[in-house]
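Trainee: I am new to this structure and would like to know what stands behind the labels put on it. Please show it to me first.

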Amino acid sequence: MMNRPLPLALAASVALIVLSGCATNPVSGRRQFSLVSTQQELRIGTEGRAAVLAEYGAYDDARIAAYVDSVGQGLARVSHLPTLKFTFTVLDDPTVNAFAMPGGYIYITRGILAYLNSEAQLAGVLGHEIGHVTARHTAQQLTQQQLAGFGLSLASAFSSGFRQYSAAAEQALGLVFLKYSRDDETQADELGVEYSTKAGYDPREIPGTYAMLKRVSDRAGQRLPGFLSTHPDPGNREQRTRELAAAAVYGKTGLEIRTRSYLARTDQIVFGRDPRQGYAEGDRYYHPQLGFQIALPAGWTIQDSHRGLSALEPQQHAEMDLSLADAGAFGPADFVTELLRRGSIADARGAPETIGGYEAWVGHVAVAGTGGTTTTLIAAFVRRGPQSMLQLLGRSAAAGDEDETRIVTSVRSLRPLTDPGRLRATPDRVSVVRVPAAGTLGELLPRFPAQAIDAEGTSILNNLQTDEQVLPGQSLKIVVAGKLR
């Protein structure tokens with residue numbers, strides 16, 4: 001079929017949209033189409049920060065936070081946007097990842113910090129993420145979201161009435177799970193090498209980082225997407241960054257690596273899941289910090305985060321979600337009344353009761369949806385103390401079915417956690433040790449007791465191979481096991 005020309009009025013409208021949506025790219029200096037202004041980027045980044053921290057949590061170590069920020073700020077000063085206020089945050093998440101959000105918000109997980117082995121490698125990762133911001137890759141992703149009508153569905157947002165975040169914040173959270181294009185990744189790799197070198201770091205450390213990430217990516221099962229799943233390899237990334245680094249260092253001297261100081265900074269960093277923030281054994285879930293335990297429906301998939309806990313029936317016919325509610329001083333029944341007053345729910349049918357010695361309300365709530373529809377949820381609100389209200393929401397395929405019975409039974413199994421051993425649960429931690437004698441990594445590892453991961457995992461952690469020779473006095477990272485009880 002032949003293409004027909006646009007009517008004159010429509011063509012003019014399209015041209016106006018394109019022209020008004022153009023902005024200058026700070027890196028290329030060229031005008032490019034964007035539906036997201038720099039002011040919108042800042043708003044999305046700012047509101048998204050609150051959502052990211054609620055979902056994943058900031059790592060509670062001011063020393064490491066200040067260290068990462070100092071490295072990041074040094075890179076930002078030599079970037080294409082030296083006057084932009086960049087914010088660097090370490091997330092309390094075991095996933096090996098880092099990501100950028102509009103407005104200069106850069107996030108890096110404690111998970112990837114454990115696997116890096118020098119400040120120069122850290123600079124390479126942060127420089128790469130800064131590159132995504134300065135080249136406006138995140139703004140372009142948001143433009144594509146808007147053009148495609150992208151909508152984010154949070155696991156906790158069963159309905160609009162219980163949605164926790166603004167539209168801008170949900171857009172930002174959506175960026176965590178979107179993949180960059182290969183062209184964007186190529187450009188970010190180039191900028192990461194450029195910024196690292198300008199900041200005084202040796203970029204020849206960067207290729208080793210990508211070799212490590214490739215090995216880590218083979219170990220699946222992470223909640224937050226891993227680096228290589230959201231930052232796809234544009235083609236032989238390790239070799240490409242090696243060539244870029246060789247060109248960048250030509251004629252330069254005095255570039256820093258800072259291996260020993262980096263390892264000292266990350267010694268004792270939490271490794272893997274932190275059981276203090278909740279852990280499952282079979283179908284029972286324990287939360288030492290909040291001091292409760294609950295029996296979840298048998299065989300359901302359990303997923304927890306800093307924000308809360310969810311359980312999904314194997315065929316996805318039913319689900320339940322547990323989180324903390326912003327209930328102020330309201331008791332459970334009064335909080336339901338307040339939700340009705342706010343319009344967060346359209347109806348509520350239930351009654352007060354006591355669960356595990358706690359004041360509670362259990363029943364059903366109806367939440368208004370789009371197009372005049374309503375969704376009925378199983379709901380429970382349990383007051384655990386002056387500042388703590390647990391909110392449990394569930395949904396099954398039909399009212400009164402077996403899955404609804406399982407959800408209500410789970411809700412009523414909530415009990416205080418009193419086992420002293422479980423309350424004192426401790427996480428695994430990275431420990432930096434000195435090698436007492438020469439040998440291969442595989443030969444030396446049995447000398448260190450209470451290791452939480454296998455030899456292959458430890459070799460990846462140190463960017464080594466198990467048959468690689470290690471010299472006396474060389475620093476190694478091992479993971480010392482914590483305790484669950």
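Mentor: What follows takes up the labels one by one; keep in mind that this is a predicted model.

Trainee: How many helices and strands are there in the chain?

Mentor: The chain has 17 helices and 21 strands. It holds 485 residues, of which 49% count as buried. Among the contacts with a separation of 6 or more, 68% are between residues 24 or more positions apart.

Trainee: Why does S459 count as buried?

Mentor: Buried means under 20% relative accessible area. The relative accessibility of S459 is 0%, so S459 counts as buried. This residue is found in helix α17, residues 455–461.

Trainee: Which residues is S459 in contact with, leaving aside its neighbours within four places in sequence?

Mentor: They are R215, L441, L464, Q465 and T466. Contact here means heavy atoms within 4.5 Å.

Trainee: Why does Q316 count as exposed?

Mentor: The label exposed needs a value over 50%. Q316 has 61% relative accessibility and therefore counts as exposed. Its place is in the loop between β11 (308–312) and β12 (319–324).

Trainee: What is notable about the phi of Q316?

Mentor: Phi of Q316 is near 60°, a positive value in a residue other than glycine. Most residues other than glycine have a negative phi. N463 also has a positive phi, near 55°, and is likewise a residue other than glycine.

Trainee: Where is N463, and why does N463 count as partly exposed?

Mentor: N463 is in the loop between α17 and β20 (469–470). Partly exposed lies between the two other labels, under 20% being buried and over 50% exposed. With 25% relative accessibility, N463 falls in between and so counts as partly exposed.

Trainee: What makes β4 and β5 a pair?

Mentor: Two strands pair if there are at least two bridges between them. Four bridges join β4 to β5 (residues 105–109), and the two strands run antiparallel. One bridge partner to look up is Y107 in β5, which is that of F99.

Trainee: Which strands are the edge strands of the sheet that holds them?

Mentor: The sheet is open and has three strands in the order β3-β5-β4, with mixed pairing. Its edge strands are β3 (87–91) and β4 (98–101), each of which pairs on one side only. From one strand to the next the twist averages 20°. Helix α3 (residues 62–77) packs on this sheet and touches β3 and β5, with a direction about 140° from that of β3.

Trainee: How do you know that β10 and β11 are paired?

Mentor: The cut-off is again at least two bridges. Strand β10 (residues 301–304) is joined to β11 by four bridges, and the two run antiparallel. They form a hairpin with three residues between them. In β11, L309 is the bridge partner of D304.

Trainee: How many cavities of 30 Å³ or more does a search of the whole structure find?

Mentor: The search finds three. The second largest has a volume of about 70 Å³. Elements giving two or more residues to its lining are α5 (119–134), α8 (182–198) and α9 (206–217). Among the lining residues are Q121, H128, D189, Y210 and F227.

Trainee: What is the lining of the second largest cavity by class?

Mentor: That lining has six nonpolar, five polar and one charged residues. Asp counts as charged, and D189 is one of the lining residues.

Terms used: Residues are numbered from 1 along each chain as its sequence is written. This is a predicted model: local features need pLDDT of at least 70, side-chain atom pairs count only at pLDDT 80 or more; totals for chains, interfaces and linings use all residues. Side-chain values use heavy atoms; hydrogens and water are left out. Axes are lines fitted to C-alpha atoms, for helices over the stretch in contact, and angles run from 0 to 180 degrees between N-to-C directions. Buried means under 20% relative accessible area, exposed over 50%, partly exposed in between (1.4 Å probe, protein chains only). On a 1 Å grid over the protein atoms alone, a cavity is a set of points where a 1.4 Å probe fits but cannot get out, and a pocket is an open set with protein on both sides within 12 Å along at least five of seven lines; lining residues have an atom within 4 Å of a point. Grid points are joined across faces, edges and corners, and a volume is the space filled by probe spheres set on the points.
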